[in-house]
Amino acid sequence: MSDQPTENGATPQGGAQQPPAQPKMQVLGQFIRDLSFENIVAQKGVNGEVSPDVQVQVNLDAKKRNVENQYEVVTKFKVESRNKDEAKSPLFLMELEYGGIFLIENVPDEQLHPFLLIECPRMLFPFVRRIVSDMTRDGGFPPLNLDTVDFVALYRQELIRRAQAEQAAKAQPDA
């Protein structure tokens, strides 16, 4: 006789099998930790035609809070625009740290790290996009609408970087 559940969910021994609890994520709060916008064009001026080249760097950080099942996730964006001319003169620099407080339940420990650094930033990103757009517009530039960030690829890159750093550390002879 097998222990497989029957159609009604009961095992042959008569016990009911509990379905696994569904993961739950709730955004409890969002906040700007740090924001700066330097309009270099307004400070120094620009000669000739402007053809912007925008570079975006993204970093993520997550930590457990003192309250059970609560986590703080911070996305850090550095947006730099330079003129495509030969001098690559800077046009503006924006740095934004945007965070969220999340209640996360029923996520297995081995899946928590990727959940925090992929799913939580996905929830925050539309708000980050709006802030960047508003800041660039208010700074005198056309509104910058950030491309969607692939947080899965970012997570994988970080895992590879950490693995390479560990290998390099193991390869170093002890001093």
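## Exercises on a predicted model

Val-107 is found in the loop that lies between E4 and H2. The structure treated here is a predicted model, and each exercise below is followed by a worked solution.

### Exercise 1: a loop residue

Decide whether Val-107 is buried or exposed, and find which residues Val-107 is in contact with, leaving aside its neighbours within four places in sequence.

Solution. Begin with the relative accessible area of Val-107, which is 13%. The cut-off for a buried residue is under 20%, and Val-107 is therefore counted as buried. Next, look for contacts beyond the neighbours within four places in sequence, and Pro-23, Leu-112 and Phe-115 appear as the partners of Val-107. Finally, compare positions along the chain: Lys-24 and Val-107 are 83 residues apart, yet their C-alpha atoms are separated by 7.6 Å.

### Exercise 2: the chain as a whole

Work out how many helices and strands the protein chain has, and in what pattern they follow one another along the sequence.

Solution. Counting the elements gives three helices and four strands. Reading along the sequence then gives the pattern β-α-β-β-β-α-α. As a further step, consider burial and contacts: of the 175 residues in the chain, 28% are buried, and among contacts with a separation of 6 or more, 66% join residues that are 24 or more positions apart.

### Exercise 3: a pair of strands

Determine how strands E2 and E3 run with respect to each other, and how many bridges join them.

Solution. Locate E2 at residues 52-64 and E3 at residues 70-83; the two strands run antiparallel and are joined by 13 bridges. To follow one bridge, start at Asn-59, whose partner in E3 is Lys-76. Then turn to the link between the strands, where five residues separate E2 from E3 in a hairpin, and where Asn-69 in the turn has a positive phi of about 65°.

### Exercise 4: the largest nonpolar core

Identify which residues of the largest nonpolar core touch the most other members, and which element gives the largest share of this core.

Solution. The core has 30 residues, and those that touch the most other members are Phe-77, Leu-96, Ile-104, Leu-116, Val-128, Val-132 and Leu-146. Sorting the core by element shows that E3, strand E4 (90-105), helix H2 (109-138) and helix H3 (151-171) give two or more residues each, with H2 providing the largest share, 11 residues. Now take one of these core residues, Leu-116, which, apart from its neighbours within four places in sequence, is in contact with Ala-62, Tyr-71, Val-73, Ile-104 and Pro-121. As background, nonpolar side chains in soluble globular proteins tend to be buried together.

### Exercise 5: a pocket and a cavity

Describe what lines the largest pocket, and then which residues line the largest cavity.

Solution. The largest pocket holds about 280 Å³ of space. Its lining has 14 residues, of which Asn-59, Leu-60, Leu-117, Leu-154 and Glu-158 are the closest to the centre. H3 supplies the largest share of this lining, six residues, and by class the lining of the pocket has seven nonpolar, three polar and four charged residues.

For the second part, a search of the whole structure finds one cavity of 30 Å³ or more, and the space in the largest cavity is about 30 Å³. The residues lining the largest cavity are Arg-33, Asp-61, Ala-62, Lys-63, Glu-72 and Val-74. E2 gives the most to this cavity lining, with three residues, and the classes are two nonpolar, no polar and four charged.

How values were computed:
Residues are numbered from 1 along each chain as its sequence is written. This is a predicted model: local features need pLDDT of at least 70, side-chain atom pairs count only at pLDDT 80 or more; totals for chains, interfaces and linings use all residues. Side-chain values use heavy atoms; hydrogens and water are left out. Two strands pair if DSSP finds at least two bridges between them. A nonpolar core is a set of buried Ala, Val, Leu, Ile, Met, Phe, Trp, Tyr and Cys residues joined through side-chain atoms within 4.5 Å. Buried means under 20% relative accessible area, exposed over 50%, partly exposed in between (1.4 Å probe, protein chains only). Contact means heavy atoms within 4.5 Å. On a 1 Å grid over the protein atoms alone, a cavity is a set of points where a 1.4 Å probe fits but cannot get out, and a pocket is an open set with protein on both sides within 12 Å along at least five of seven lines; lining residues have an atom within 4 Å of a point. Grid points are joined across faces, edges and corners, and a volume is the space filled by probe spheres set on the points. Ala, Val, Leu, Ile, Met, Phe, Trp, Tyr, Cys and Pro count as nonpolar, Asp, Glu, Lys and Arg as charged, and the others, Gly among them, as polar.
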